[in-house]
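Open the model in your viewer and keep the selection panel at hand. The stops below can be followed in order.

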Protein chains: 2
Amino acid sequence: MVETAERHQVVIVGGGFGGLYAAKALRRGPVDVTLIDKRNFHLFQPLLYQVATGTVSPADISSPLRSILSRNRNTTVLMEEVIDLDPERQRVILKGKELPYDTLIVATGVSHHYFGNEQWKDTAPGLKTVEDALEMRRRIFMAFEAAEKETDPEKRRAWLTFVIVGGGPTGVELAGAIAELAFGTLRDDFRNIDTTEARVLLLEGLDRILPPYPPELSAEAAASLTRLGVTVQTKTLVTDIEGATITTRQGEQTEQISAKTVLWAAGVKASALGQVIADRAGVALDRVGRVMVSPDLSVPGHPNIFVIGDLANVSHQDGKPLPGVAPVAMQEGQYVAKLIRQRLKGGSDFPPFTYTNAGSLAVIGQNRAVADLGFIKFSGPIAWLIWVFAHIYYLIEFDNKLIVMLQWAWSYFTRKRGARLITGEASLMQVGTTPDGEYRSPVPDATVKA
Amino acid sequence: MVETAERHQVVIVGGGFGGLYAAKALRRGPVDVTLIDKRNFHLFQPLLYQVATGTVSPADISSPLRSILSRNRNTTVLMEEVIDLDPERQRVILKGKELPYDTLIVATGVSHHYFGNEQWKDTAPGLKTVEDALEMRRRIFMAFEAAEKETDPEKRRAWLTFVIVGGGPTGVELAGAIAELAFGTLRDDFRNIDTTEARVLLLEGLDRILPPYPPELSAEAAASLTRLGVTVQTKTLVTDIEGATITTRQGEQTEQISAKTVLWAAGVKASALGQVIADRAGVALDRVGRVMVSPDLSVPGHPNIFVIGDLANVSHQDGKPLPGVAPVAMQEGQYVAKLIRQRLKGGSDFPPFTYTNAGSLAVIGQNRAVADLGFIKFSGPIAWLIWVFAHIYYLIEFDNKLIVMLQWAWSYFTRKRGARLITGEASLMQVGTTPDGEYRSPVPDATVKA
C-alpha cells in the first residue's frame, strides 16, 4: 500500500529558475511542496561567466535554497539526487529512498554537449556549475602565470592564446571579459610578458555570432568585440582538440591553433533525468535530449508530470523550441504552479503556456551590450545599462544584490578584478608539500570516489 | 660562474603578512625584489573562519599579489614553489630552476600540528588555507543537511554535534560562529530537525580558553560563549579520533563523544622550508619547527638570510616566542626591509627587532569580543567594535574592504549568511551523474596526482 498524505503532494526536482519559481508560486496553494536538488543553493547562472573571469565570487551569485524558501512553510527542501522515476506508483526514486508525489515537476536543466567528442571536455571545459566557473577561472589566470614563467616564445604564445568555442551569449560574454583582462586589468601586473600580446579567439560555426539575435545586432556585437581585441571567426568548425592544438575548418580551409586555454560554449544537452522520463513515461526527446512536452508543459499521457526550464522542448508557440534562458524557465514555473492550483479547485481545460518575451540581452565587455526588445533593437552603453538593471532586478531573490552591484561598480570604475584567486590545482601544489610529505587532497573523497 | 645583476637582489619567499610588508617596504630601496609564492593571492588569514562559517567568500579576504604589487616596479611576483636553498651559492632552488639572491627573506608560515596524530587530519581538518576553509564550510553545512535526512535519533544527534579542538582565538571564533548558525541563522530553514538542539563543544587542554590572554578575559570569553550556547570544556585532552567518535580525557575521566564534525584549532607546526633552512644553514629549530633567529631576525651565521612571520621563533624580547599573529609578521617585514636598505647605505650595528604590541583581540560571536590593549582589558560590544575597525583598517590593502564591511553589516543586521554554498563534495555527486555516466573530478588532476 502507498501511504497517502492528506494534502496534495507536489515534488519539484531542480532548484534552478524553473523549480524555484514553481515552488514560490505554490506557497499559498493547498499543497505540500518538496523541492529536491543536489546542491544546497540556487545559482544565478547568467552571471556565471563573471565568476569564471574573476569579477564576483560564487556566493555572490548563489543563494541557499533553504534560505530563499524558509518562509514557505509548506515547502521542504531536500538535498538529494533523483536517480529514477516510477510514474505508475507515482514515486521519485532517490538513493535508498522513495518519495511519493501527486504532481511532479522536473526542472533539472542541461549540461554541456560536445557533439560526440566527449574526450574534449577535459581540455575544453564548459560553464554550467560553480565548479566549472572556478575551473575556468583557474585556467585563465594560470595561463598568464605560466606565460610569465615561459621562456620559449612559441610556448609563451600558446599560453597567451585563448580560444572560446561557440558564439552564443556565453561565448560572447567570456570572450569580452577575457579580452578586458588581457588588454586592461592585467596590463601592469606582469614583468616578463606583455599581456596585450594575448590572442582571444571566438569561434562560431554559423555565419554570425549571437545567431538567435537579429543580424544587425550580431554585426554590432562582432564589431564591439573586435574593438575590444577579440578575433571573431564565423563559419568555423572545430574538428579536433588534441592537447594544446585545436584544429578548425573554415570552408575548405583547415587551420591549427596552438592554445593552452580552450573554453567550451558551443552546446548543451539535456540532463540525465530527460532520458529517465523518456524511458519511464514513453515520451519523445529532441536531438539534444530535451523532453517534448504538451502545450500545458505536461508529459503527453501523464498530466501530473511536468517538465519545465531548459530540460523542456516547448515548440507549440513558435514552431521552434523556446530558448534556454532564465525568463522562459521562470514563466514556465509560474504557469505550472497556477495550473496545479486551478486543477485542485476543480478546473480543467487550461490555455497552453505562452512565453512573454521581454527581450534578449547579451553583454560585450564592461559597457556595451546588445539588446533586442522586440519593438526596438540597439547596442551600446544604454543596452549595457538595461542589462545591468535587468540582472539586478532578478537578483532580487538574493541577499547579495547590493554586494554584486558594488563589485560591479568597483570593477567598472577601477577595471580591477578582485576575485581572481587560483584555487584547486594550485592548492595541490601547496598541500602536496606538507612537512611530512604526505598528499592531502582538498577534496578528501575525490580519490576514493574516482 | 654565477651571473651577477647590477642591483642588489632580494628574494622573498611567501606572500603572507611578513613577505608582503617586506616587499612593500622595499619599494623605494635600491634593490630588485622577487616575491615567490605558491598561490597568486595574499590571504587575510584572521578572517578565514568567516569563510568557513559562511559569512564571506574567499575572494573577499584575498587579494591578488600581482595587483597589490603592480605599482612596485622593482618587484617581480613569481608563482612558484621553493623546494631547496643553497646558502653557499646564494640560490633558492625551484622546480627545474634556480634563482640567485643577495638577500633572502623566508616567510612561509605554519600549517596544522596534530602532535604525532597525523591520521586525524582527514577527520579533523584545520584552518590555514582557502581550501581548508571551504572544506570546513562544506562539512558544517553538510552536517545539518545530513541531520535533516537522518531518521535514527542517535545518528542525527551525532550530525548535530560539532567539536572544536583548541581554545585559542581560532577555536573561539569558530565555536561562536557555529553556535550562531545553529541557534540563529539556520533556525527556520529545516523542517525535520530543530537546529537549536545542536551541541557545539569547545575543548581546550589548558585550564582556560584563550590562554595567552589575561585570566579575567578568558573567563569573560567563556561566559560569552556559554551564553551563545557553546559548551566550553577546559583541561580536556583529545586522546583519540576514530570515525565519528572522539575520545577525551579530563583529569582521570575519559569520555566518548559521537560527533560527525570535528574541527582542529589546536596547534601549528612550521612549514617545510624551516627544516630546509635548518639543514642548509645549520640553525636550530624549536619544538614545532620554527627557526631560532638572531635578534635582527637573521639566521645565525647567515646575515643575508632572514626568517620572519610565523616561521620565526623570536624570543629575545620577552624570553618567550612572539605570538604567530599578523601584526608581528608585518612589523618584522618592515624591520627587515629597513635593515636591508640601511646596510646598502653602508650601515651596520642595527638595534634588535622589537615588537610593539598594540593589543590582542578575539571575537566571540556577532557583537562580543575580548580586548587586551595592555593598559586596559575589557570585553563586550566595544571590544567587538574595535575588532571590526582594526580588521577593516588592515583590510585596507584590499579592493574589497567596502564589500567585506557590507557583508558583515548585512549578516549582522539580518543574521543571514549568504556564503553557505556547499561545493566540492556535492559537486562530485553532480558531475558523477552526467548522462554519459562518466566521472569528472572538479579538480581535474586530483586523481592523477594523488
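Begin with chain B and select B:Leu85, whose bridge partner in β7(B) is B:Val92. The model is a predicted one, in which local features need pLDDT of at least 70, side-chain atom pairs count only at pLDDT 80 or more, and totals for chains, interfaces and linings use all residues. Residues are numbered from 1 along each chain as its sequence is written, and chains are lettered from A and ligands numbered from 1 in the order in which they are written.

**The three-stranded sheet**

Extend the selection to β6(B) and strand β7 (residues 91-94) of chain B, which pair in the antiparallel sense over 4 bridges. Strands (E, at least two residues) and helices (H or I, at least four) are DSSP runs, numbered from the N terminus. Two strands pair if DSSP finds at least two bridges between them. With β8 added, 3 strands of chain B form an open antiparallel sheet in the order β6-β7-β8. β6 (82-86) and β8 (97-100) of chain B are at its edges with a single partner strand each, so one side of each has no neighbour in the sheet. On average, neighbouring strands of this sheet are turned by 25 degrees against each other, direction ignored.

**The six-stranded sheet**

Next, show the open sheet of 6 strands in chain B, ordered β5-β2-β1-β9-β21-β20 with mixed pairing. Its edges are β5 (75-79) and β20 (298-299) of chain B; each has a single partner strand, so one side of each is left without a neighbour in the sheet. Strand β2 (residues 31-37) of chain B pairs with β5(B) in the parallel sense over 5 bridges. To find one of these positions, select B:Thr34, whose bridge partner in β5(B) is B:Thr76.

Now add helix α8 (residues 273-281) of chain B, which lies across β1 (8-13), β9 (103-106), β20 and β21 (302-307) of chain B and runs at about 165 degrees to β21(B). Axes here are lines fitted to C-alpha atoms, for helices over the stretch in contact, and angles run from 0 to 180 degrees between N-to-C directions.

**Two hairpins in a row**

Move to strand β14 (residues 236-242) and strand β15 (residues 245-250) of chain B, an antiparallel pair with 6 bridges. They form a hairpin with 2 residues between them, and B:Gly243 in the turn has a positive phi of about 60 degrees. B:Leu237 has B:Arg249 as its bridge partner in β15(B).

B:Arg249 also leads onward: in β16(B), its bridge partner is B:Thr254. β15(B) and strand β16 (residues 253-258) of chain B pair in the antiparallel sense over 6 bridges. This hairpin has 2 residues between its strands, and B:Gly251 in the turn has a positive phi of about 65 degrees.

**A pair of helices**

Select helix α6 (residues 169-185) and helix α7 (residues 215-228) of chain B, whose axes come within 9 Å and cross at roughly 20 degrees. That makes α6(B) roughly parallel to α7(B), a term for angles under 35 degrees. The contact (C-beta atoms, placed from the backbone, within 7 Å) includes B:Val172 and B:Ala175 of α6(B) and B:Leu225 of α7(B).

**Chain A**

Finally, colour chain A by its domain assignment: domain 1 (8-38 + 80-112 + 269-344) and domain 2 (118-266). Such bounds come from an automatic or database domain assignment. The C-alpha centres of domain 1 and domain 2 of chain A lie 35 Å apart.

Methods
Angles under 35 degrees count as roughly parallel, over 145 as roughly antiparallel, 65 to 115 as roughly perpendicular and the rest as oblique. Two residues are in contact if their C-beta atoms, placed from the backbone, lie within 7 Å.
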